[in-house]
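Here is a learner's session on reading a protein model feature by feature. Each turn takes one feature, gives the general idea, then turns to the case at hand.

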Amino acid sequence: MPTDHVDVLIVGAGLSGVGAACHLRRTCPDTTYAVLEARDAIGGTWDLFRYPGIRSDSDMFTLGYAFRPWTAPQAIADGDTILRYVRETAREYGVEEHIRFRHRVRRAEWDSTTARWTVHVHRDDTAEDIVLTCRFLFCCTGYYRYDAGYTPDFPDVGRYTGRLVHPQHWPDDLDHTGRRVVVIGSGATAVTLVPALARRAGHVTMLQRSPTYVIALPARDRLADVLRRRLPARAAHRLVRAKNVLSGTVTYQLARRAPRVVRAFLRRAAKGRLPAGYDVDRHFSPRYDPWDQRLCVAPDGDLFDALSTGRASVVTDTVDAFTPDGVRLGSGVELPADIVVTATGLQLLALGGMTLTVDGVDVDLGATVAYKGMMLSGVPNLALTIGYTNASWTLKADLVATYVCRLLRHLDATGQQVVTPVAPPDGDLSPLIDLRSGYVLRSMDTLPRQGARAPWRLHQNYPRDVVLMKHGRLVDEGVRFSRATADTPVG
């Protein structure tokens, strides 16, 4: 098995992995690195998902990279435009030549005597197993499975004679023109799919077990349009990004501190977009508080428009069973369907499914505690990117990459080789991801935990994290710096 060595090994060539590599090129130019990607293309989520209407669910001035301005006209952008942006960024910063495609990481083994990771990789293109080593392992794999989404065990689904598809694997040959479509689900994917399908379908029904908060936002940012005409692209990008960060932070904090106020606002906003007499309380008033689950965005109110014109409808009920011609509900009503789309969620998969060992001992991710939301207690020289749940993923990804670069420079400047997070002294732990969404609750035990206070607490607060991760101390009670044990004098 051939062996190769780099300073930093990045796993994943999606939005986070490309960004991490760009940060290394910009601030640690002498650091050697490679990017391993299990698939055969750059883009991650934005290359995998191909369902109609695929788009961002947050604005691109914050979902885009801090170091590369977003210049496309749409603030809430379609998937192809986002994919092009990621690939152009990789090309501009010379990252493409460092990506090794169809390299699937199986396991990584840390050796304290050499202060190195040994990473075992299977090459899907050649069917061979190879070994790489690195000083630092940077996992940018996201947290869900790419090979399979989540579909409940629906009764009698085998009796259904129409097309049954999951958005994560949308068929290229699926033509929904003039067809009756039932989309099961009420999350961001369903909210995106329904208006997109309704443009050509005979009728689209969104079948939800319970409602979700949906807010209409402009697809274009008016301030951005004005600033772009008067300022250089980078300056305009920074100002709009700061405005959107501030408004998002204020909205989230208000939702957590005054949920009744925000709930009432969202209800009024939905009611104003829908026909008179529409049952808003049944279909758009969840039982939970805003931001217990992520808010869904309807660009320019497209979902509400589809409902208002009658091209789409919402049914709030449960699935009793599938029939040959559609779906029978708990109420006994049958929804006829030529196509059923199971927009029922994701399956979480930490670290892309790789296993870790530290000095021969297997790492149980569920037993670790996250340090600053990006490193794991007892696991040296490893970072993982987990974005915000209340804001754009890339805001946190940029901060994590910035922090990793700071750590690498600190290790080099001090002559140290190893940085190891430690667990908090108290045992007051909680889930790392604080959403109450089904896909999170189903996999809670497989994810790291977080502590009750800094630096083990993940704050869903970008301005606060900027202070902590871009300007805060690298040496604190949560980490230990050392050298390889082979280099440590006895006694």
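The dialogue below works through a predicted model.

Q: Let's start with burial. Is S56 buried or exposed?
A: Burial is read from relative accessible area, and under 20% means buried. S56 has 0% relative accessibility, so S56 counts as buried.

Q: Where does S56 sit in the chain?
A: S56 is in the loop that links helix 2 (45-48) to helix 3 (60-63).

Q: Which residues are in contact with S56, leaving aside neighbours within four places in sequence?
A: Contact means heavy atoms within 4.5 Å. With those neighbours left out, the list is W46, L63, A75, I76, A77 and I82.

Q: What lies 3.0 Å from a polar atom of the side chain of S56?
A: The backbone oxygen of S58 does. S58 is found in the loop between helix 2 and helix 3.

Q: Then take S58. Is S58 buried or exposed?
A: S58 has 11% relative accessibility, so S58 counts as buried.

Q: Which residues does S58 touch, not counting those up to four places away in sequence?
A: S58 touches L63, A75, I76, R294 and S392. With S392 there is also a polar contact, side chain to side chain, at 3.0 Å.

Q: How far apart are the C-alpha atoms of S58 and L458?
A: Sequence separation and spatial separation are two readings. S58 and L458 are 400 residues apart along the chain, and their C-alpha atoms are separated by 20 Å.

Q: Can we read burial for a whole helix? How many residues of helix 5 are buried?
A: Read each residue, then look at the set. In helix 5 (residues 188-198), nine of the eleven residues are buried, so the helix is largely enclosed by the rest of the structure. The buried residues are A190, V191, T192, L193, V194, P195, A196, L197 and A198.

Q: Now empty space. What shows where empty space is left?
A: Rolling a probe the size of a water molecule over the atoms shows it.

Q: How many cavities of 30 Å³ or more does the structure hold?
A: Three. The largest cavity has a volume of about 50 Å³.

Q: Which residues line the largest cavity?
A: The lining is C139, T141, G142, Y143, A350, L351, L384, T385, I386 and L447. By class, seven are nonpolar, three are polar and none is charged.

Q: What about pockets? What is the volume of the second largest pocket?
A: About 890 Å³. The lining of this second largest pocket has 37 residues, and D59, L217, N244, S247 and G248 lie nearest its centre.

Q: Which elements give two or more residues to that lining?
A: Strand 10 (214-217), helix 7 (233-257) and helix 8 (259-273) do. Helix 7 gives the largest share of the lining, ten residues.

Q: How do the lining residues of the second largest pocket divide by class?
A: They divide into 18 nonpolar, twelve polar and seven charged.

Q: On to cysteines. How many disulfides does a search of the whole structure find?
A: Zero. The test is a pair of cysteine sulfur atoms within 2.5 Å.

Q: Why is C134 without a bond to the closest cysteine sulfur?
A: Distance settles the case. That sulfur belongs to C139 and is 9.1 Å from the sulfur of C134, too far for a bond. C134 has 0% relative accessibility, so C134 counts as buried.

Q: Which cysteine sulfur is nearest to C405?
A: That of C28, 4.0 Å away, and C405 is in no disulfide. C405 counts as buried, at 2% relative accessibility.

Q: Last, the backbone. Is the peptide bond from A454 to P455 cis or trans?
A: Omega is the angle to read. Here omega is near 5 degrees, and the bond is cis. P455 is found in the loop between strand 24 (449-450) and helix 13 (462-470).

Q: What is phi of A115?
A: Look at the sign, then at the residue type. Phi of A115 is positive, about 55 degrees, although A115 is not a glycine. A115 lies in the loop between strand 4 (103-111) and strand 5 (116-123). At 5% relative accessibility, A115 counts as buried.

Q: And what is phi of A127?
A: Phi of A127 is near 60 degrees, a positive value in a residue other than glycine. A127 lies in the loop between strand 5 and strand 6 (128-139). A127 is exposed, with a relative accessible area of 59%.

Notes:
Residues numbered from 1 in each chain as written. Predicted model: local features only at pLDDT ≥ 70, side-chain atom pairs only at ≥ 80, totals over all residues. Heavy atoms only, no water. Buried < 20%, exposed > 50% of the residue type's maximum accessible area, 1.4 Å probe, protein only. Helix = DSSP H or I, 4+ residues; strand = E, 2+ residues; numbered from the N terminus. Polar contact = N/O pair within 3.5 Å; in protein donor to acceptor, adjacent residues only side chain to side chain. 1 Å grid on protein atoms, 1.4 Å probe; cavity = no way out; pocket = protein on both sides within 12 Å on 5 of 7 lines; lining within 4 Å. Points joined across faces, edges and corners; volume = space filled by probe spheres on them. Nonpolar A, V, L, I, M, F, W, Y, C, P; charged D, E, K, R; others polar.
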